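Work through the exercises below with the model open beside you. Try each task before you read its solution.

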Amino acid sequence: MMNIEQGDFVMPGDVLGVSEQYLPGDWTYEDGGYIKSAVIGNISINKREIAIIPKTTTPLLLKVGDTIVGQITDIKGQRAMVDIQASIDSTRELALPYSGAIHISQVKNGYLEKLTDAFRIGDIIEGKIIKIMGDNVDINTEDPENGVLKAMCSRCRKFMVPTEDNNVLYCEPCNRKEKRKVSSNYDD
Ligand SMILES: [Zn+2]
């Protein structure tokens, strides 16, 4: 605490500052000289007033065009199956346990011989929703920002690093390369 910044996420009872420092705003209270948060939310500081913007609890329904983050759970024929974990545009929980699929024709611009040259089970990927049927969604990863965000070496299970080639990741311990459709946002 005491390193409070605009937008920080807080829980009920978290100390936001001392009473000499701030005036208590919405969703805060004073307790023994401290200003504390009354709710789950994000800090909003306006001059000397400190307030909380409560976190919405309304679950999020995905829509076409949303960018999601998920994990590859299986590769079945022409489709990579994705457990969708979040929308990158929102911190809200997803309303449904969405399952995604990436068809081999939706992975990248140009020809992809086999899906395992783009994704492997366990990879964390980013992609855009192109179709929704209930809790099943189709995903496209052609955009340079879309694709694999984090991947483990299939031999030693350590995280791999990007290379100059956005179709290749590198495992330092094994000194070996693996093919992927790598996102420009790859987490290295
Ligand atoms: Zn390795």
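## Exercise 1: The hairpin of β8 and β9

**Task.** Find the residue with a positive phi in the hairpin of β8 and β9, then describe how the two strands pair.

**Solution.**
- Step 1. Two residues lie between the strands of this hairpin, and G77 takes a positive phi near 60°. Keep in mind that the model is predicted.
- Step 2. Now follow the strands. β8 and β9 are antiparallel and share eight bridges.
- Step 3. Pick one bridge. I75 has A80 in β9 as its bridge partner.
- Step 4. Go on to the next pairing of β9. Strand β10 (residues 99–103) pairs with β9 in the antiparallel sense, over five bridges.
- Step 5. Check one pair there. R79 stands opposite H103 in β10.

## Exercise 2: How confident is the prediction?

**Task.** State the average pLDDT of the protein, and say in which strands confidence is lowest and highest.

**Solution.**
- Step 1. The average pLDDT is 92, and 98% of the residues score at least 70.
- Step 2. Confidence is lowest in strand β1 (residues 9–10), with a mean of 88. It is highest in strand β15 (residues 168–171), at 98.
- Step 3. Recall the rule of reading. Where pLDDT is low, predicted coordinates should not be read in detail.

## Exercise 3: Domains

**Task.** Give the bounds of domain 1 and domain 2, and the distance between their C-alpha centres.

**Solution.**
- Step 1. The domain assignment gives domain 1 as 9–54 and domain 2 as 67–179.
- Step 2. The C-alpha centres of domain 1 and domain 2 are 40 Å apart.

## Exercise 4: Two open sheets

**Task.** Write down the strand order of the open sheet of three strands and of the open sheet of four strands. Which strands stand at the edges?

**Solution.**
- Step 1. Start with the three strands. Their order is β2-β5-β4, and the pairing is antiparallel.
- Step 2. Find the edges. β2 (15–18) and β4 (28–31) each have a single partner strand, so one side of each has no neighbour in the sheet.
- Step 3. Look at the twist. Neighbouring strands of this sheet are turned by 30° against each other on average, direction ignored.
- Step 4. Zoom in on one pair. β4 and strand β5 (residues 34–37) run antiparallel and are joined by four bridges. In β5, K36 is the bridge partner of Y29.
- Step 5. Turn to the four strands. The order is β1-β6-β7-β3, and the pairing is mixed.
- Step 6. Find the edges again. β1 and β3 each have a single partner strand, so one side of each is left without a neighbour in the sheet.
- Step 7. Zoom in once more. β1 pairs with strand β6 (residues 41–46) in the antiparallel sense, over two bridges. F9 has N42 in β6 as its bridge partner.

## Exercise 5: The nonpolar cores

**Task.** How many residues does the largest nonpolar core have, and which element gives the most to this core?

**Solution.**
- Step 1. The largest nonpolar core has 23 residues. Among those with the most contacts inside it are A80, F119, V137 and V148.
- Step 2. List the elements that give two or more residues to this core. They are β8 (67–76), β9 (79–87), β11 (124–133), β12 (136–140), β13 (147–150) and β15.
- Step 3. β9 gives the most to this core, with three residues.
- Step 4. Look around V137. Beyond its neighbours within four places in sequence, V137 is in contact with L62, I84, Y98, G100, I129, K131 and I132.
- Step 5. Another core lies apart from this one. It has eight residues, including I35, I43, I50 and A51.

## Exercise 6: Residues in loops

**Task.** Are W27, N175 and T116 exposed or partly exposed? Where does each lie?

**Solution.**
- Step 1. Learn the background. Most residues other than glycine have a negative phi.
- Step 2. Take W27. Its phi is positive, near 60°. W27 is in the loop between β3 (23–24) and β4. W27 is partly exposed because 18 other C-beta atoms lie within 10 Å.
- Step 3. Take N175. Its phi is also positive, near 50°. N175 is in the loop between β15 and β16 (176–179). N175 counts as exposed because it has 7 C-beta neighbours inside 10 Å. The cut-off for exposed is 12 or fewer.
- Step 4. Take T116. T116 is in the loop between β10 and β11. With 15 other C-beta atoms within 10 Å, T116 is partly exposed.
- Step 5. Finish with a distance. T116 and A86 are 30 residues apart along the chain, and their C-alpha atoms are separated by 24 Å.

Notes: Residues are numbered from 1 along each chain as its sequence is written. This is a predicted model: local features need pLDDT of at least 70, side-chain atom pairs count only at pLDDT 80 or more; totals for chains, interfaces and linings use all residues. Two strands pair if DSSP finds at least two bridges between them. Axes are lines fitted to C-alpha atoms, for helices over the stretch in contact, and angles run from 0 to 180 degrees between N-to-C directions. Domain bounds come from an automatic or database domain assignment. pLDDT is the predictor's confidence in each residue, from 0 to 100. A nonpolar core is a set of buried Ala, Val, Leu, Ile, Met, Phe, Trp, Tyr and Cys residues joined through C-beta atoms within 7 Å. A residue is buried if 20 or more other C-beta atoms lie within 10 Å of its own, exposed if 12 or fewer, and partly exposed in between; C-beta atoms are placed from the backbone. Two residues are in contact if their C-beta atoms, placed from the backbone, lie within 7 Å.
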